[in-house]
Structure formats: structure tokens, C-alpha cells
Amino acid sequence: GAEQRAQEASKDHPQQPPIEVFMNALAALIERNSAPIPFSGCWIWLGATHNGYGHLTHGGKHMFAHRASFMANNPSAPTPKLVCHHCDVRECVNPEHLYAGDYISNRADMLNRNRWVHPYASRTECFAGHSYEVVGFAIARDGSRVCRECQRNHKRAQRAAKKGATQ
């Protein structure tokens, strides 16, 4: 009866694993809800957005549209911590513009492209009250300012502690 018909139908149409069905439907959803922009190559998300990033719900899962696009087009890749944009367009869901990253590489990318300013970058003095104009400062890897006088005092204290420990 019905079971035999189901077996015969499955011979003609082999079923995809559930994850492939999910990813194919997700890719189709992204394609339906995005518009290609000529000359830039970006596919702009036309659905819901928050802070400029597209959002969607698929299969009961709420996710960023660019992350969903990356996952749908790279199903065998491990799930990345972050999905970053080569194009710097938050609404872009073009998988060719997306890459897997982590928080450190994302911060480095932001600093290299001058898209992020450290929250303390506008300060004129350090926490100890030294004026950056008088004592100077260095820029740390994370974009923050490091007071030269505090740095010298810290090194002096380290050397004194080391010298005291060896005597």
C-alpha cells in the first residue's frame, strides 16, 4: 500500500539529509530577500535589520542574514565565531564578500581600515593624570593610548623588584 509507494518514490527521488534541505532552503530565502547592487557586487538584505545587520528566522532559528548566507554557501566549513565582511557593508549577504573570523582578526581588520576608534582615544591625559602632550604616549595594538611616564614607572618598579629579589 502506502509504504510500498513511499519506498518506490524514494528510489526515484533520493532524500537529502535534513541539514542539506535546511541549507538549500536557507540559500533560497537569502536569494529571494536580497537585491544585487551593480558595480559593488554586494547583495543587499531587504528583510528586517537591526543596527544595519540583516536578521532572519529560518526553521525556528533567529540569525544574522550575513551569517546565514555564509553558512548556507559553506555547509562543510566549521561554524565560525564571527562572519566578517570584506566589503564593509553590514547589509551585504553576498557569500563572496564574507569570510570566517574571530574577535581578534575582526578588531585588527577594523583598525586597519580606520573603522574603529578606541573609546579612550580622545582623552588628553592618562588615569594617573599625566598630560599626553607633556609626557607623550604610544598607541597599543588595540588602538588605546599608553602613557609613556606610566610605562617608564612600571618598568622601573619591575627592575627594582627583580633587583631586590636577586640580592
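I'll start with one residue, His-97: at 14% relative accessibility, it counts as buried. This is a predicted model, so please hear every value as computed from that prediction.

His-97 sits in the loop between E6 and strand E7, which covers residues 98-101. Which residues does His-97 touch, leaving aside those up to four places away in sequence? They are Ser-40, Gly-41, Cys-42, Cys-84, His-85, His-86, Cys-87 and Cys-92.

His-86 is on that list, and its place is also in the loop between E6 and E7. Is His-86 buried or exposed? Neither label fits, because its relative accessible area is 44%, and that makes His-86 partly exposed. With residues up to four places away in sequence left out, His-86 touches Glu-96, His-97, Leu-98, Tyr-99 and Arg-113. For Leu-98 there is also a distance: its C-alpha atom and that of His-86 are separated by 6.0 Å, with the two positions 12 residues apart along the chain counted as their spacing.

Now the cysteines. How many disulfides does the count give? The count comes to zero disulfides. Cys-92, one of the contacts of His-97, is in no disulfide, and the nearest cysteine sulfur belongs to Cys-42, 3.8 Å away. The cut-off for a disulfide is a pair of sulfur atoms within 2.5 Å. Cys-92 counts as buried because its relative accessibility is 0%. Cys-150 is in no disulfide either; for that residue the nearest cysteine sulfur is that of Cys-126, at 3.6 Å. Cys-150 has 28% relative accessibility, so it counts as partly exposed.

Let me step back to the whole chain. It has 167 residues, and buried residues make up 26% of them. There are six helices and nine strands. Taking contacts with a separation of 6 or more, 39% are between residues 24 or more positions apart.

On confidence, the mean pLDDT of the chain is 84, and 89% of its residues reach 70 or more. Which element has the lowest mean pLDDT? Among the elements, that is helix H1, residues 2-12, with a mean of 54. Strand E2, residues 43-45, has the highest, at 95.

Next, the pockets. The largest pocket holds about 390 Å³ of space. It is lined by 16 residues, and those nearest its centre are Tyr-53, His-66, Val-83, His-85 and Asn-106. Three elements give two or more residues to this lining: helix H3 at 65-73, strand E6 at 82-85, and helix H4 at 103-112. Which of the elements gives the largest share of the lining? E6 does, with four residues. By class, the lining has seven nonpolar, three polar and six charged residues.

The second largest pocket has a volume of about 170 Å³. Its lining has 13 residues, and Cys-126, Phe-127, Tyr-132, Arg-145 and Cys-147 are the closest to its centre. Cys-126 came up earlier, as the owner of the sulfur nearest to that of Cys-150. Strand E9, residues 145-147, and helix H6, residues 148-166, are the elements that give two or more residues here. The largest share comes from E9, with three residues. This lining divides into eight nonpolar, two polar and three charged residues.

Back to H3, which helps to line the largest pocket. Which of its residues are buried? They are Ala-65, His-66, Ala-68, Ser-69, Phe-70 and Ala-72. His-66 is also one of the residues nearest the centre of the largest pocket. What covers the buried residues of H3 includes helix H2 at 18-32, E2, strand E4 at 53-58, strand E5 at 61-64, E6 and E7.

Last, Asn-74, whose place is in the loop between H3 and E6. Its relative accessibility is 28%, so Asn-74 counts as partly exposed. Asn-74 and Pro-95 are 21 residues apart in sequence, and their C-alpha atoms are 8.6 Å apart in space.

To close, go back to the two histidines in the loop between E6 and E7: His-97 counts as buried, while His-86 is partly exposed, and they touch each other.

Note on methods:
Residues numbered from 1 in each chain as written. Predicted model: local features only at pLDDT ≥ 70, side-chain atom pairs only at ≥ 80, totals over all residues. Heavy atoms only, no water. 1 Å grid on protein atoms, 1.4 Å probe; cavity = no way out; pocket = protein on both sides within 12 Å on 5 of 7 lines; lining within 4 Å. Points joined across faces, edges and corners; volume = space filled by probe spheres on them. Nonpolar A, V, L, I, M, F, W, Y, C, P; charged D, E, K, R; others polar. Buried < 20%, exposed > 50% of the residue type's maximum accessible area, 1.4 Å probe, protein only. Contact = heavy atoms within 4.5 Å. pLDDT = per-residue confidence, 0-100.
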